[in-house]
Amino acid sequence: MKSTLKLALGLASAIFASTAVSNVAHAEDLTLCWAAWDPANALVELSKDFTKQTGIGMKFEFVPWTNYADRFLNELNSHGKLCDLIIGDSQWIGGAAENGHYVKLNDFFDKEHISMDDFVPATVVGYSEWPKNTPNYWALPAMGDVVGWTYRKDWFSRPELQKEFKEKYGWELGPPKTYDQLMQIAEFFQKRQIDGKTVYGASIYTERGSEGITMGVTNVLYDYGFDYQNPKKPYEMQGFVNSADAAKGLELYKKLYDCCTPPGSSNVYMGESADAFKSGQVALHMNFAFTWPGLYKDEKVGGDKIGFFANPAGPKGHFAQLGGQGISVVSYSDKQESALKYIKWFANKDVQAKWWTLGGYSCLNAVVNDPKFPSSQPYASTFLESMAIVKDFWAEPSYATLLQAMQKRVHDYVVADKGTAQEALDSLVKDWTQTFQDDGKM
């Protein structure tokens, strides 16, 4: 999940960029719709091979994340023909399937011998299946992503800081394995002077308007026992969403925010968090894995100065928030046959391997399970470890309403200091119950 939507799924205005592999349009040109970010640029380069092999031209509609959901959900809801292919957010899968926006791919997969067993299981569930955990496929896993962490490896390696840290906390300063350790590291670096500059402990997600704080806090909540529903009874949330343990996890996230973030951190999401790390403000940085290639290449904080680690474990589990998307054929397209050719091409092992080298995150087992993969990039092993522990938000057709309720309840508590953690989660259960009752599911 990674979309900065604004709940409204109706009319929305957006300024979007269009990029084409070829300047010459012809009848078989396909238009692929996605967000405007570094992986999309990599896909443009990759897709040149598709055009060479098939003669089918590729055009692209790339929309900034701030408008991505509004723009393309509006396009789908209006049965528009702009997009032949779409790389849609993981949370769209339920609504897109039930509302007929995407072509169901089961028969095509069978015909072309494309097996979902060949992809990382979590990405199949997260990006392709609806209903979840059933063999009904509406997308091919396209862009694996997950929330993880970077840290200032150069700061951690300083002998004087290592000595001081061990004397204070009793363990070697290094990537944290638990949230208790992460909190200790953040406290240690908060307002510390390094090279004559005041630095801070951590940058974490707090953004209220779209999905930011939810994508941050869930990493802690999952590890403290939070679950969306009773595994044995769908939509039963009492005692799962708002358990006492889950409330402790929410309290920890607020403690981390209050204690150890830089000034002006009340509305932070992907861009702001990356900027805090790149500007040398923080020792720890929460963000989706898609940011890691660019950060590693950064002249000021990359290279030997940066380290990567998976989301820490908690007392009740070890999980990380899933990001990423699948690629689907839009049911309103007049070029479905050509669009399916693109899906077949994209599923090829060699194409997936090149996708990884260009900066995309392949979900194909043959790529990520290759013995050489962990050493292929400095962050590759952390990506693998992280994708093995993913968990995702609701993918229900009403996910936007569910998301905005969580955004409000969590932000009100963590950032706005309203009420208690238990009260926030109790209110969230009431909000979600009302949504599912309105949907006729309770």
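This report describes one strand with its pairing partners and one pair of packed helices. The structure is a predicted model.

**Strand 5 and its neighbours**

Strand 5 covers residues 140–152, and 13 of its 13 residues are buried, so the strand is largely enclosed by the rest of the structure. The word buried here means a relative accessible area under 20%. Strand 5 pairs with strand 10, with strand 8 and with strand 9. The table sets out these pairings.

| Partner of strand 5 | Residues of partner | Bridges | Direction |
|---|---|---|---|
| Strand 10 | residues 320–329 | six bridges | antiparallel |
| Strand 8 | residues 282–288 | five bridges | antiparallel |
| Strand 9 | residues 306–309 | four bridges | antiparallel |

Particular residues show how the strands are placed. L140 of strand 5 stands opposite I327 in strand 10. T150 faces H285 in strand 8, and T150 also stands opposite F308 in strand 9.

**Helix 10 and helix 17**

Two packed helices are described by the angle between their axes and the distance between the axes. Helix 10 spans residues 244–260 and helix 17 spans residues 399–414; the two pack at an angle of about 55°, and their axes lie 9 Å apart. That angle makes helix 10 oblique to helix 17. The crossing of helix 10 past helix 17 is right-handed.

On the side of helix 10, the contact involves L250, E251, Y253, K254, Y257 and D258, which meet V410, Y413 and V414 in helix 17. Of the residues in this contact, six are nonpolar and three are charged, while none is polar.

Methods:
Residues numbered from 1 in each chain as written. Predicted model: local features only at pLDDT ≥ 70, side-chain atom pairs only at ≥ 80, totals over all residues. Heavy atoms only, no water. Axes fitted to C-alpha atoms, helices over the stretch in contact; angles between N-to-C directions. Parallel < 35°, antiparallel > 145°, perpendicular 65-115°, else oblique. Left-handed = near helix turned anticlockwise from the far one by under 90°. Contact = heavy atoms within 4.5 Å. Nonpolar A, V, L, I, M, F, W, Y, C, P; charged D, E, K, R; others polar. Buried < 20%, exposed > 50% of the residue type's maximum accessible area, 1.4 Å probe, protein only. Pairing = 2+ DSSP bridges.
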